[in-house]
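Subject: Structure handover

Hi,

Here is the structure you were expecting. Please open it alongside this note.

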Amino acid sequence: MRTVLPADNEHMIETRNLVKAVDTSEGVLTILKGISIHIAAGEAVAIIGASGSGKSTLLGLMAGLDGSSSGEILLDGYELSELDEEQRAILRGQLVGFVFQSFQLLPSLTALENVMLPIELKGDAQAREKAVSLLERVGLEERWHHYPNQLSGGEQQRVAIARAFATKARILFADEPTGNLDTATGSKVVDLLFELNREYATTLVLVTHDDRLASRCDRKLQLVAGELVSDESTEEAASA
Amino acid sequence: MNLLRKQLVPEASSKILTDNKPLGNLFNLSMRLLWRDWQGGELRLLFLALVMAVTSVTGIALFTDRLEKALLLESANMLAADRIVSGRGVLPEEVLEEGQARGLRTAEILSFTSMAFTDSGNMLVAAKAVTDGYPLRGDVIIAEEPFVRGRPVQNGPSPGEVWLESRALSALEIEVGDSIFVGEAELIVSQIIIAEPDRSGGSMMDSAGPRLMLHMDDVIATNVVQLGSRVSYRYLFAADEIGELDSFEEWFRAREEWRGRYYIRDIREESEEVREALERAESFLLLGSLFAVLLAGVAIALTAKRYSERHYDYVAILKTFGCTSSQISFIYLSIQIALAAIAVVVGWLLGWLVHWVILIFLESLLLISLPEPSIQPYVVGAMTAFICLLSFALPPLLALRETPPLRVLRKDMSQQKIGANVPYVFGILGTIFLVFWYSQDFVLTSVLVISVGAIALFLSIVSYLFLRSSGSAGMKAGSAWLLAMTAARRRRKQNVLQVMVFSITIMSLLILTLLRTDLIEEWQAQLPENTPNHFMMNITQNQIEGIESFFVENGIQGNQFYPLISARVTRVNGDLPDPGDEDQVTASRGTLTENAQLDDEIENLELEGVEIDSEIAEAVSGPQTDAPPVNGEEATTGGRRVRGQLSRRQVTWAEDLPSENLITEGAWWGSESQPGYVSIEQEYAEWLDLKLGDSLEFEVNQQIVSAEVSSFRSVRWDNMQPNFFIIFSPGTIDHIGATFLSTALMEREQKILLNDLIRLFPTMVIIEIDGLIEQIQTIIAQVTSAIELISILVLLSGALVLLACVNASLDERFHENAILRTLGAGKKLILTSLLIEFASIGFVAGLIATIGAEASVYYLQEEIFEQEFSLHYWVWIAGPLLGMLIIAGLGVNSTRKVVNISPLNVLRGVI
């Protein structure tokens with residue numbers, strides 16, 4: 001297994017021998033088996049693998065949404081296992097943005113309010129202006145007052161992307177962002193995601209089983225049954 | 001490098017891991033969520049449940065607060081005062097002075113019997129001298145003509161005047177304006193008394209003839225009241241502040257030297273029937289409001305649970321944005337407090353409206369004007385909302401803080417840390433607190449909590465077992481049935497909870513209905529329409545026929561004549577009687593004319609040669625101060641107290657068992673009776689430790705008579721009929737000679753006939769209790785209306801719980817049925833299966849509720865309301881049927897949406 005270490009950049013995300021095991025009725029099930037990776041600041045990394053390979057689990061652990069069984073995760077230098085859930089929440093609020101397969105917009109808030117939410121939670125008085133400008137950026141200026149159930153899937157995901165960039169998060173975790181969208185819509189959403197990612201110089205971790213989407217990232221990490229089987233830059237992969 | 005970074009972590013943490021989310025922003029967010037959830041209908045049921053709790057509690061509290069004050073006031077009218085001090089002989093002046101010094105209003109009453117003379121005749125009257133303040137409560141109704149409706153006044157006659165009862169005028173052949181002699185004083189008859197407030201509160205002397213009321217200043221001039229005269233003094237006290245009365249009463253009771261000689265009392269002690277009616281009504285109202293709050297609490301718990309379940313995703317998302325658990329708690333606490341505050345205000349308004357509507361309904365019945373309510377009901381309403389919220393709603397909402405953020409990736413993750421039963425524990429603790437807070441009664445609280453707990457446990461086991469078996473029962477009954485039963489079985493856990501909630505709701509409603517019906521029926525039975533309202537005593541054997549024909553001629557409803565003779569048990573199986581505990585026999589005995597000083601007042605009372613002693617009063621209305629005195633203790637013998645003997649009893653003999661007497665052991669002699677037998681009241685028998693076949697020796701009119709105990713009887717003491725501890729078989733004591741006692745029902749317009757009756761049978765003594773009966777019937781009617789209206793409020797709370805319970809399962813049903821419809825199931829199939837599922841849940845709930853209700857009513861009636869219990873057969877049909885109809889109706893109505901909206905919308909999560 002080859003590991004590509006970033007030459008100059010500091011590691012924004014680093015995992016060392018990460019293990020996640022859960023108790024089931026049939027005994028202990030190990031979902032992740034000693035994953036060690038480095039992701040540099042500003043890098044776009046895709047985690048690929050079949051269903052059940054542990055992609056989303058890895059993403060959840062790296063984002064501090066869940067605790068590991070053993071091993072270490074460093075997020076911008078913070079050792080997550082040393083933080084409790086309250087501290088991890090604060091860290092997420094300061095550092096991390098999310099885009100989910102199922103959009104995860106709050107159904108009782110309008111598109112605008114959904115985007116405003118994380119900005120407001122940070123105590124920013126300019127929440128409304130910032131949210132409006134982001135919605136314009138994702139092309140939804142006409143639909144800001146609509147509720148999620150009044151928007152199409154593509155529109156909902158665009159709202160979610162606007163929300164993810166609203167607080168200028170330094171790391172963006174995207175879990176199957178096109179999983180619920182048709183190919184054409186998915187492709188537009190992905191264009192938008194990468195565009196904004198470049199604009200904001202965000203570190204992107206993207207979970208997908210779509211190889212074409214993965215190829216748009218700088219690196220691809222492939223998981224098979226909880227093990228990291230390959231870690232290669234997309235250029236290398238393309239030239240190989 | 002890595003080592004270095006690690007070492008930097010603590011420093012970095014302190015720099016950026018400080019949470020700087022302003023509380024104001026969190027509050028704004030929570031208010032926005034509140035508004036959106038409100039618009040989306042998410043909070044409506046929770047809000048409604050809260051409003052319902054506040055409305056019912058505030059409404060009931062406002063109503064009972066005012067009604068209770070009014071009833072007390074009305075009852076005080078029966079005393080003409082709030083407190084009365086009475087006793088043997090002249091009362092200490094000090095009592096009156098103390099009352100006046102404390103700012104109480106006071107008045108004095110002196111009752112005595114006297115002959116009233118005119119030129120054309122004379123008659124024995126029950127004279128009552130009053131001071132200027134009389135009556136302190138209530139009105140004297142007077143008129144210028146006899147036997148008319150009259151007008152209320154708040155004073156007695158002026159000096160030099162007398163007021164007479166209608167029938168006295170015709171007997172004395174005088175009119176208003178004529179003069180009359182009372183003793184040596186000549187007074188002018190200025191008004192006719194139609195009614196006086198404290199007619200029932202007086203002594204036997206007050207019932208011994210028509211009323212003559214005079215001013216206290218004229219008493220000396222009559223020269224009737226002299227040293228050794230039989231008179232009854234009363235001091236009346238009233239105040240607007242109940243606290244002043246209480247502290248005055250405390251002061252009075254602290255005087256050891258007055259104990260046993262002078263008494264202070266309010267209406268509750270004055271009339272057992274009124275006291276019981278008030279206490280039962282209070283217990284019922286208390287129980288009613290408890291049920292209402294409890295049901296609203298269940299509705300709150302159910303809706304809050306559903307609300308919190310629908311908010312798992314919110315919390316997970318908020319957490320991914322960096323919200324900490326305590327911030328989540330802050331957000332949801334703000335939402336709930338704001339919601340509760342609005343609910344409290346709305347509940348107050350509605351509660352006021354409810355009590356106002358009740359008052360409008362009752363306007364014709366409530367003959368009294370209600371005093372303004374205190375602030376207490378509003379405080380109780382608000383506190384109830386917050387306690388309900390704290391105990392029923394907060395636990396599931398606070399559990400939200402434990403929602404793992406990973407839920408944004410994995411839907412199946414929900415809050416893990418808080419135990420599933422924690423909300424119930426809080427709910428139970430909250431309930432116990434509320435019950436105790438309302439009742440202020442530790443015993444009642446423990447009893448209710450333990451029994452409800454036991455019932456809940458029983459219900460959950462039964463409903464679980466029933467639902468477990470229902471799956472196989474439906475296998476052969478077609479697809480809708482099958483669908484319903486498998487659905488019921490699949491949701492077994494939720495359904496057990498649903499059945500439990502439904503059962504407890506229906507049970508509460510049944511309990512209230514049953515208690516209400518039984519209470520009202522018993523009250524009505526106690527004083528039915530044709531209750532005799534006049535007692536006639538001292539009748540001789542040869543007068544009976546004449547009296548009977550007088551009644552027949554004048555259309556008066558007469559009753560059986562009982563021989564009356566004074567007797568005392570002297571030996572039991574040849575030994576001296578050895579009675580048990582003194583209090584046993586009188587413990588639960590209530591009488592209409594009961595008051596503690598009665599026997600003192602009427603000792604040796606000579607009325608035209610007739611001796612009335614305490615035991616005549618007993619025969620009329622039940623035992624008086626009666627623990628039959630113990631050997632060595634003071635005993636009353638014909639009014640004289642003798643040591644070492646059992647007291648005398650008025651006894652009788654009869655061929656037929658008197659009505660409302662039940663043989664509890666042995667057999668009644670019937671028509672072929674033999675002399676030498678005696679039937680004993682069962683508690684009296686227990687007190688003397690008698691057994692069937694015991695041989696008793698009596699002293700009757702200085703003769704010794706023996707009889708064998710052939711039966712024990714239970715006697716209903718509160719029915720205002722002649723009742724006896726001891727009844728002999730005919731022929732046993734007949735030869736000794738007795739006078740007779742009977743009762744009659746005379747309408748108001750027939751009362752003038754009393755004059756003729758007394759003229760025809762001058763030795764007869766008539767005791768009039770018609771005024772008293774009327775007053776009691778009025779109070780009972782008022783209390784009954786209050787009870788009925790509170791039942792309706794509880795019913796509404798119950799309906800809300802049912803609705804909340806059905807709604808709690810809506811989400812899952814929407815989803816399941818959308819899938820079924822997507823798979824091709826028709827609307828009809830789904831609706832039929834829903835109908836069957838709800839109907840069977842309703843049937844089970846109704847059946848269980850019936851069992852629980854009967855058990856609870858049994859307990860409540862036996863222990864709290866002191867009533868006889870009997871099974872209510874109609875409930876066994878009505879309970880399950882009603883459960884089935886209500887739950888099926890509510891369920892199908894609420895879930896009809898399930899089949900009416902597009903499955904796509906459901907599956908897309910629009911609903």
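Below is what turned up, from the whole of chain B down to single residues.

One caveat before the details: this is a predicted model.

**Chain B overall**

Chain B has 911 residues, and 57% of them count as buried. Its secondary structure comprises 26 helices and 26 strands. Look at the contacts in chain B with a separation of 6 or more: 81% are between residues 24 or more positions apart. The accessible surface of chain B is about 37,700 Å². Carbon and sulfur atoms hold 57% of that surface.

**The interface of chains A and B**

Chain A brings 48 residues to the contact, and chain B brings 40. Interface size is often quoted as the accessible area lost when the parts come together. Here the area buried between the two chains is about 3,900 Å². Carbon and sulfur atoms give 59% of it.

How many salt bridges does the rule find across the interface of chain B and chain A? The rule finds one. The partners are Arg32(B) and Glu120(A), with 2.8 Å between the closest N and O atoms. The rule also finds three residue pairs in polar contact across this interface, both residues being at pLDDT 80 or more.

On the side of chain B that touches chain A, four helices each supply at least two residues: H1 (2-16), H2 (23-39), H10 (312-320) and H11 (325-362). H2(B) gives the most, with eight residues. By class, that side of chain B has 19 nonpolar, eleven polar and ten charged residues.

**Salt bridges within the chains**

Side chains of opposite charge can pair when their charged atoms come close. Over all chains, the structure holds 28 salt bridges. Three pairs within a chain are set out here.

- Arg219(A) and Asp231(A): the closest N and O atoms are 3.0 Å apart. Arg219(A) sits in strand E9 (residues 219-224) of chain A, and Asp231(A) in strand E10 (residues 227-233) of chain A, twelve residues apart. Both residues are buried.
- Arg83(B) and Asp246(B): this salt bridge also has its closest N and O atoms 3.0 Å apart. Arg83(B) is in strand E1 (residues 83-87) of chain B and Asp246(B) is in helix H7 (residues 242-253) of chain B, so the pair ties together parts 163 residues apart in sequence. Arg83(B) is buried, at 6% relative accessible area. Asp246(B) counts as partly exposed because its relative accessibility is 35%, and the partly exposed class runs between 20% and 50%.
- Arg255(B) and Glu94(B): these side chains meet in a salt bridge at 2.4 Å, N to O. Arg255(B) is in the loop between H7 and strand E11 (262-265) of chain B, while Glu94(B) is in helix H4 (residues 93-101) of chain B. The two are 161 residues apart. Glu94(B) is partly exposed, with a relative accessible area of 33%.

There is a network too. Salt bridges that share partners join Arg83(B), Asp246(B), Glu249(B) and Arg253(B).

**Glu43(A)**

Glu43(A) lies in the loop between strand E2 (27-40) and strand E3 (44-49) of chain A. Buried or exposed: which is Glu43(A)? Glu43(A) counts as buried because its relative accessibility is 13%, and the cut-off is under 20%.

The side chain of Glu43(A) makes two polar approaches worth a look. One of its polar atoms lies 2.7 Å from the backbone nitrogen of Ala40(A). The side chain of Glu43(A) also makes a polar contact with the side chain of Arg219(A), at 2.9 Å. Arg219(A) is the residue that forms the salt bridge with Asp231(A).

Beyond four places in sequence, Glu43(A) is in contact with His38(A), Thr202(A), Thr203(A), Leu204(A), Asp218(A) and Arg219(A). C-alpha to C-alpha, Glu43(A) and Arg198(A) are 9.7 Å apart, with their positions 155 residues apart in sequence.

**Thr652(B)**

Thr652(B) belongs to strand E19 (residues 649-653) of chain B. It is buried, with a relative accessible area of 1%. A polar atom of the Thr652(B) side chain lies 2.5 Å from the backbone oxygen of Pro563(B). Leaving out residues up to four places away in sequence, Thr652(B) touches Tyr562(B), Pro563(B), Phe724(B), Ile726(B), Ile727(B) and Phe728(B).

Best regards

How values were computed. Residues are numbered from 1 along each chain as its sequence is written. Chains are lettered from A and ligands numbered from 1 in the order in which they are written. This is a predicted model: local features need pLDDT of at least 70, side-chain atom pairs count only at pLDDT 80 or more; totals for chains, interfaces and linings use all residues. Side-chain values use heavy atoms; hydrogens and water are left out. Contact means heavy atoms within 4.5 Å. Buried area is the accessible area (1.4 Å probe) that two parts lose on being put together, summed over both. A salt bridge is a side-chain nitrogen of Lys or Arg within 4 Å of a carboxyl oxygen of Asp or Glu. A polar contact is a pair of N or O atoms within 3.5 Å; within protein, one must be able to donate a hydrogen and the other to accept it, and residues adjacent in sequence count only if both atoms are side-chain atoms. Ala, Val, Leu, Ile, Met, Phe, Trp, Tyr, Cys and Pro count as nonpolar, Asp, Glu, Lys and Arg as charged, and the others, Gly among them, as polar. Buried means under 20% relative accessible area, exposed over 50%, partly exposed in between (1.4 Å probe, protein chains only). Accessible areas come from the Shrake-Rupley method with a 1.4 Å probe; for residues, only the protein chains shown count as cover.
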